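Here is a short set of exercises to work through with the coordinates open. Try each task yourself before reading its solution.

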Amino acid sequence: MVQKVALITGSTSGIGLGVAMRLAQGGHNIILNGFGDPQKIQWTANSIAEMYKVEVVHSNADMTKPEEIEKMVHMAQNSFGSLDVVVCNAGIQHVAPIEDFPPEQWDMILAINLSSAFHVIRHAIPMMKQKKWGRIINIASAHALVASPFKSAYVAAKHGLAGLTKTVALEVAEHGITCNAICPGYVKTPLVDNQIADTAKARGISPEAVIRDVILGSQPTKEFVQTTDIAELVAYLSGEHAAAITGAMLSIDGGWTAH
Ligand code: NAD
């Protein structure tokens with residue numbers, strides 16, 4: 001059987017790494033992407049390859065740089081001869097009131113959380129069209145559906161990612177390609193850990209109160225969403241049985257957006 005190839009942006013940490021491991025477990029060759037200590041990344045790539053008997057390569061393409069994104073997508077063609085599954089996951093956060101929100105943080109969040117998906121998708125689609133098969137999965141957020149104060153750039157980018165997902169789904173529907181967005185609630189990753197202090201400052205409350213009242217307060221289950229839960233959904237969407245799911249916003253948020 002020919003092995004499928006999956007590219008996951010921002011997969012050296014958190015959700016992206018969990019997704020990469022799950023797709024490797026399903027037999028996909030993997031293109032990892034993201035920042036970090038090169039030795040640690042190489043160790044991670046080797047471990048995944050060994051554990052699941054697949055090939056794993058790493059691209060350090062910066063998701064703010066369209067020309068590096070293009071090279072990364074073509075790395076799939078050069079390393080493995082195809083690209084079947086794309087997971088647009090790279091993302092950052094900045095928490096501040098709108099009047100204090102640094103314009104350079106706005107630009108960076110829009111570039112990484114939204115525009116990078118546009119560039120990945122536009123370069124991946126021709127390869128997928130050729131094969132008449134493809135799966136595009138955008139890791140959006142509950143913030144693609146509802147807002148929270150002090151996260152103007154993140155909420156704007158994630159709502160934009162929802163719009164991009166639906167548009168691409170319509171454009172490629174007759175080519176055997178699906179495009180969906182997963183909308184997680186809070187997952188305990190470095191992205192969440194790093195925003196606790198700023199959220200406490202913006203709201204004038206303690207870090208403990210941020211976790212209890214803001215983070216878990218949004219989620220009726222009062223539990224963090226697990227990275228593995230998201231990875232399983234990605235695996236399902238990447239498979240044959242998900243052919244009719246396209247243009248969907250799939251919530252996995254402990255009931256947050258049922259409010
Ligand atoms: P994380 O901080 O653990 O991982 C982010 C990844 O993106 C890392 O691999 C990092 O190296 C990479 N990255 C950052 N800037 C980059 C750049 N310029 N170029 C290339 N790679 C870059 O974060 P996470 O929580 O795993 O978040 C992953 C995605 O899930 C994000 O899009 C985030 O918005 C989304 N999400 C997270 C949560 C949550 O609660 N953690 C909830 C909903 C959605």
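The exercises below concern a predicted model, and they go from the sheet to its strands, then to helices and loops.

**Exercise 1. Work out the strand order of the sheet, and find which strands stand at its edges.**

Step 1: Trace the pairing from strand to strand. The open sheet has 7 strands in the order β3-β2-β1-β4-β5-β6-β7, and the pairing is parallel.

Step 2: Look for strands with a single partner. These are β3 and β7 (249-252), so each has one side left without a neighbour in the sheet.

Step 3: Add the twist, which averages 20 degrees from one strand to the next.

Step 4: Inspect the end of the sheet where β7 lies. β6 and β7 pair in the parallel sense over 4 bridges, and P184 has I252 of β7 as its bridge partner. Helix α5 packs on the sheet here, touching β5, β6 and β7. The direction of α5 makes about 160 degrees with that of β6.

**Exercise 2. Decide whether strand β2 is enclosed or open, and describe how it is linked to β1 and β3.**

Step 1: Check burial along the strand, taking under 20% relative accessible area as buried. In β2 (residues 29-33), 5 of the 5 residues are buried, so the strand is largely enclosed by the rest of the structure.

Step 2: Separate the two faces. N29, I31 and N33 are buried on one side, and I30 and L32 are buried on the other.

Step 3: Turn to β1 (residues 5-8), which pairs with β2 in the parallel sense over 4 bridges. One of the partnerships joins A6 to I30. Between these strands the chain passes through helix α1 (residues 14-25), in a right-handed β-α-β crossover.

Step 4: Repeat this for β3. β2 and β3 also pair in the parallel sense, over 4 bridges, with S59 as the bridge partner of N33. Together, β2, α2 and β3 make a right-handed β-α-β unit.

**Exercise 3. Describe how helices α3 and α4 cross, and which residues make the contact.**

Step 1: Start with the axes. Those of α3 (residues 66-80) and α4 (residues 103-131) come within 9 Å and cross at roughly 35 degrees. The crossing is right-handed.

Step 2: List the contact residues. α3 contributes P66, I69, E70, M72, V73, H74 and Q77, while α4 contributes S116, H119, V120, H123, A124 and M127.

Step 3: Sort them by class, which gives 7 nonpolar, 5 polar and 1 charged residues.

**Exercise 4. Which backbone angle is notable at K53 and F150, and how accessible is each residue?**

Step 1: Take K53, in the loop between α2 (38-52) and β3 (56-59). Although K53 is not a glycine, its phi is positive, about 55 degrees. K53 is exposed, with a relative accessible area of 65%.

Step 2: Take F150, in the loop between β5 (134-139) and α5 (152-172). Its phi is also positive, about 70 degrees, and F150 is not a glycine either. With a relative accessible area of 26%, F150 is partly exposed.

**Exercise 5. Is V187 buried or exposed, and which residues does it touch?**

Step 1: Locate V187 in the loop between β6 (177-184) and α6 (190-193).

Step 2: Read its relative accessibility, which is 4%, so V187 counts as buried.

Step 3: Find its contacts. Leaving out residues up to four places away in sequence, V187 touches I15, V192, F224, V225, Q226, T227 and I230.

Step 4: Compare sequence with space for one of these. V187 and Q226 are 39 residues apart along the chain, yet their C-alpha atoms are separated by 5.9 Å.

Conventions:
Residues are numbered from 1 along each chain as its sequence is written. This is a predicted model: local features need pLDDT of at least 70, side-chain atom pairs count only at pLDDT 80 or more; totals for chains, interfaces and linings use all residues. Side-chain values use heavy atoms; hydrogens and water are left out. Axes are lines fitted to C-alpha atoms, for helices over the stretch in contact, and angles run from 0 to 180 degrees between N-to-C directions. Helices (H or I, at least four residues) and strands (E, at least two) are DSSP runs, numbered from the N terminus. A crossing is left-handed if the near helix is turned anticlockwise from the far one by less than a right angle, and right-handed if clockwise. Contact means heavy atoms within 4.5 Å. Ala, Val, Leu, Ile, Met, Phe, Trp, Tyr, Cys and Pro count as nonpolar, Asp, Glu, Lys and Arg as charged, and the others, Gly among them, as polar. Buried means under 20% relative accessible area, exposed over 50%, partly exposed in between (1.4 Å probe, protein chains only). Two strands pair if DSSP finds at least two bridges between them. A crossover is right-handed if, with the strands pointing away from the viewer, the path from the first strand over the helix to the second runs clockwise.
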